[in-house]
Structure formats: C-alpha cells, structure tokens
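I opened the notebook again today to look through one chain, entry by entry. Here is what I set out to look up, in the order I got to it.

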Amino acid sequence: MKKRVVKRWMAVMLGATMIVSMAAGCGKGESSTEEKDGVKTIEWWTPNWDEVESKEMAAEFEKEHPDIKVDIVVTDWDTYKSKITTAISTDNAPEVCTMLLTDVAPFASKGLLEPMDELGKTAGIDFADIVEPALDTTSVDGKAYGVPFRYDGSGIYYNTDMLKAAGYETFPETWDEMVEMSKKLSVDGKYGFAWPLGNQANAATRLVQQMYTYGGDVLDEDGKCMLNSQEAKAALKNIVDSIQEGYASPGSSEFDNTTMRESFGQGNLAFMLTGPFDVETLKTDYPELNFATAVIPGVDGMGTTTANGWCVALASKSENKEAAAEFMAYITTPENQARLTDSFPASKTAMEYEQFATEELKPFMDQLDNSKAEPAYERWSEMEPIIFQYMQNAVAGTMSVDEACEAMAKDIDALLAN
C-alpha cells in the first residue's frame with residue numbers, strides 16, 4: 001500500500017490550494033518547453049494525496065530517461081478541476097494531468113485532451129490490462145482520452161461492537177432491514193448513519209447511487225432529465241425520511257465525507273457508506289475501533305454503487321506529447337498503479353496483488369460487480385448545484401420530495417435546452 005495514509009480520495013483536502021514547482025497556474029513558462037541541452041521537460045499536475053509517490057516516480061523515470069525532465073505541480077481537491085480547466089485550455093499547456101475518470105469526457109468533447117490510442121500503444125501502455133468499465137468512462141467515440149490507474153466504488157463500514165449490542169452479528173442485506181436496525185441504534189445522541197449532504201458533489205452522488213439501486217438514471221436516451229421519475233423520488237425519499245425520522249444524523253446537512261468518517265471513528269455512527277480508501281485511515285486514526293465492511297444493502301439484496309476513479313490524461317495543447325506518453329506508460333504499469341492507490345487499481349494484473357485481497361477490501365471488490373459509473377455528462381458540473389439545492393430543500397422540509405424532484409427535473413431540462 002502507499003507509504004502514507006490518505007484521508008479521502010474525493011473529500012479530504014490536504015495542503016494549500018495549489019503548490020507549483022514551476023508554473024504559476026495557467027500553463028508552463030517559456031523556459032519549461034525544451035532546454036538548451038536537448039532535455040525535454042514535461043509537467044505533471046498531480047493531487048496532493050499522491051504527492052509523495054508522484055515525486056518518487058518522477059525521479060525514477062528521470063533516472064531511466066535522462067533526456068526527459070518531469071516537473072511536478074501539486075493540486076488539491078477543492079480547486080483542481082477549475083485550475084486544470086484553465087491550464088489545459090492555454091497554449092503551452094501542461095502535458096499530463098491526473099483527473100477523475102468522469103471529468104475526461106467533458107474535457108475531451110471540447111478538444112482539450114489528446115486521444116491516447118496510438119500514442120499510448122507506441123509508448124507501451126497496455127490498454128487490454130485496464131478494467132473495461134474504467135476505460136469506457138474515459139473513452140469518447142471509441143477513442144481513449146485517459147489512462148485509468150484507479151477504480152473503485154462505495155461499500156459499508158460498520159461498528160461491530162455497536163451492532164452486536166443491538167443483536168446483529170452481520171450487516172443487514174436489504175435496505176428495509178438496515179432501516180429497522182438503524183432505528184434501534186439511534187439512541188443517546190448516536191445514530192445509525194449519516195449522509196454527506198454538506199458537500200455538493202457528495203450529496204448528488206449519494207442521490208444518484210440510491211437511484212441506480214432502483215434502476216433509475218439521470219437522463220434518458222434523448223437527453224431529457226429523469227430526476228422526477230418514481231426511482232428518483234424513491235431515492236430522495238430514503239434520504240429525507242432517514243433524517244426527518246431520526247435514524248440518520250440530523251447533522252447530515254453539514255457533513256462531508258471527512259466529518260462523517262470522524263463521527264464513525266468516534267463511535268457516534270453505527271455505520272457509514274464510503275469507499276475502500278478509508279480502511280487504513282480508520283485503522284491509523286482510531287486503533288480502538290472494531291469495524292468490518294459489507295456490500296451496500298438494496299431492495300432484495302446487494303444495492304448498486306456509483307463507481308469512479310482516477311486517470312492520467314494528456315493535454316492536446318501541450319508540446320512534448322511523445323515524451324509525456326512514455327511517462328504515462330511508466331505511471332500506469334501495474335506496479336505503479338498499486339503504489340498510487342489505497343483502494344483498487346484499474347489494472348487487472350495489479351488487482352490480483354496480495355495487498356488488495358484483504359478481508360476488509362473483499363466486499364468492495366464484490367460490490368464492483370454491481371456498480372455503475374458516476375455521471376459523466378458534459379454539463380454535469382452545472383446540473384449538480386441544481387440537484388444539491390433541491391435536495392437541501394427537501395431535507396429541510398421546505399419542499400416535499402415530489403416537489404423537489406419535479407423542480408430539479410424542470411430546471412435541468414431548461415439548462416440543457418440552452
């Protein structure tokens with residue numbers, strides 16, 4: 001596993017907004033394109049939770065390729081997307097950017113990313129070793145615009161001591177059974193669980209995950225919003241009822257994934273729904289906590305999880321594409337994918353490594369058999385705040401579930417019509 005424990009792949013933000021080793025934030029300076037001695041310089045924009053490993057890999061690659069220099073620009077979760085959007089839109093853009101799988105299609109559709117099929121194969125990238133759902137998420141019109149190195153979805157962490165005290169040896173298999181258990185556990189200021197509704201992306205993802213379990217989707221084949229469907233209303237009702245009826249924390253509207261994990265670690269929540277990356281964090285931060293993991297309960301058994309991950313992509317306006325492709329091939333070898341993740345790699349070979357076969361990680365691997373990619377629509381970033389607003393209204397009781405779902409569908413249809 002990685003040498004240091006990360007707090008969250010999507011929600012724990014470490015460090016400042018952007019640490020730049022060479023660039024100020026909107027593309028490279030003139031001195032970084034090609035040095036006088038013939039050494040080509042490429043930039044890699046990498047997130048702060050991967051900073052240690054990224055710098056190690058850059059140094060290793062430079063040693064093996066003395067004609068290529070790698071400069072690191074460190075990003076953070078809160079600002080990475082907006083700053084990468086600006087940077088790759090400029091001439092002399094950074095070569096390599098680490099980004100969410102679901103961010104690739106919107107960037108590629110605007111012509112900001114380079115297709116990797118030929119460049120990647122020439123550089124030695126083994127696309128056949130990448131799990132198909134991850135590669136599909138980064139492909140547009142049959143062309144791969146990102147090289148995935150991480151792919152995972154959520155599952156359940158539960159406090160074994162709290163469940164045993166309530167008469168449970170294992171985690172319930174259906175949503176109704178889970179609700180019944182949560183009501184028993186919600187006493188003395190403790191709750192069955194919480195929703196991370198204080199963060200826009202987390203909140204929208206949780207609604208979508210619930211809706212996927214019921215067989216719903218965000219848009220139909222014609223691009224019409226389906227968030228007023230019966231499946232969407234059932235999903236939002238689950239969230240609203242759990243908070244209003246008191247078996248999910250009333251503080252959910254202020255929670256993000258970090259505060260939810262802290263509350264679980266402190267014994268204030270009996271279970272939480274999040275990704276496999278929190279296993280090592282919980283063991284390190286809460287050594288007295290006895291916990292186990294399980295798949296997400298659904299209607300008649302396992303529910304559906306949203307799945308996402310991370311990849312490296314090549315900016316179309318960058319200069320040293322061949323050198324960058326060689327570096328991307330190095331980053332995404334099975335061995336290096338295993339170094340860059342606390343959850344699961346996207347490499348089929350790396351997935352077989354012993355470090356990913358632990359008892360705690362097994363349910364997350366099983367859950368991927370019933371997973372669906374998070375939304376990757378071109379205008380998803382504009383749709384999210386609409387969903388978030390009406391979710392908050394429904395939870396607060398200022399709108400009914402039906403009213404909130406009808407309103408968000410109407411507003412999203414209006415947005416997409418423009």
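The entries below go from the cores to the salt bridges, then to one helix and a few loop residues.

**Entry 1: the cores**

I began by reminding myself that this is a predicted model. Which residues have the most contacts inside the largest nonpolar core? I found M99, L113 and M116 in that role, in a core of 79 residues. Helix α12, which covers residues 321-331, gives the most to this core, with eight residues.

I then picked M116 and listed its contacts, leaving aside neighbours within four places in sequence. K121, I125 and F127 are among them, as are A144, Y145 and V147. L314, A325 and M328 are on the list too.

There is also a second, separate core, and I noted 55 residues for it. Its members include W380, M383, I386 and A407. I kept W380 and M383 in mind, since both names come back in my last entry.

**Entry 2: salt bridges**

Side chains of opposite charge can pair when their charged atoms come close. How many salt bridges does the structure hold? I counted 16, and I looked at a few of them one by one.

K69 and D71 meet through their side chains, N to O, at 2.7 Å. I checked how covered each partner is. K69 counts as partly exposed because its relative accessibility is 30%, which falls between the cut-offs of 20% and 50%. D71 is at 7%, under the 20% limit, so D71 is buried.

Next I took D217 and K372, whose closest N and O atoms are 2.9 Å apart in a salt bridge. Where do the two partners sit along the chain? D217 is in the loop between α8 and α9, K372 is in strand β12 (residues 371-373), and 155 residues separate them. K372 has a relative accessibility of 33%, so I put it down as partly exposed.

R261 and D278 form another salt bridge, N to O at 3.1 Å. This pair joins helix α10 (residues 257-265), home of R261, to helix α11 (residues 278-285), where D278 lies, and the two residues are 17 apart. Are the partners buried or exposed? I found both R261 and D278 buried.

Before moving on, I noted a network: E56, E60 and R339 are joined by salt bridges that share partners.

**Entry 3: helix α8**

I wanted to see whether the length of α8 agrees with its residue count. At 1.5 Å a residue, its 14 residues should span 20 Å, and the end C-alpha atoms are 20 Å apart, so the two agree. As for cover, 13 of the 14 residues are buried.

What caps the N-terminal end of α8? I found N199 there, with a side-chain oxygen 3.1 Å from the backbone nitrogen of A201. After the helix comes G215, with a positive phi near 90°.

T213 belongs to α8, and I followed its side chain to the backbone nitrogen of T304, at 2.9 Å. Not counting residues up to four places away in sequence, T213 touches G298, V299, G303 and T304.

**Entry 4: positive phi outside glycine**

I looked up two residues here. N92 has a phi near 60°, a positive value in a residue other than glycine. N92 sits in the loop between α2 and β4, and I have it as buried because its relative accessible area is 14%.

D141 is not a glycine either, and its phi is positive at about 50°. D141 lies in the loop between β5 and β6. Its relative accessibility is 76%, over the 50% cut-off, so D141 counts as exposed.

**Entry 5: V218**

My last stop was V218, in the loop between α8 and α9. Is V218 buried or exposed? I have 0% relative accessibility, so V218 counts as buried.

I also looked at its distance to Y377: the C-alpha atoms are separated by 9.6 Å, with the two positions 159 residues apart along the chain. Y377 is in contact with V218 as well, as are P375, W380 and M383. The rest of my list, again without residues up to four places away, reads V208, M211, K224, C225, M226 and L227.

How values were computed. Residues numbered from 1 in each chain as written. Predicted model: local features only at pLDDT ≥ 70, side-chain atom pairs only at ≥ 80, totals over all residues. Heavy atoms only, no water. Core = buried A, V, L, I, M, F, W, Y, C linked by side-chain atoms within 4.5 Å. Buried < 20%, exposed > 50% of the residue type's maximum accessible area, 1.4 Å probe, protein only. Helix = DSSP H or I, 4+ residues; strand = E, 2+ residues; numbered from the N terminus. Contact = heavy atoms within 4.5 Å. Salt bridge = Lys/Arg side-chain N within 4 Å of Asp/Glu carboxyl O. Expected span 1.5 Å × (residues − 1). Polar contact = N/O pair within 3.5 Å; in protein donor to acceptor, adjacent residues only side chain to side chain.
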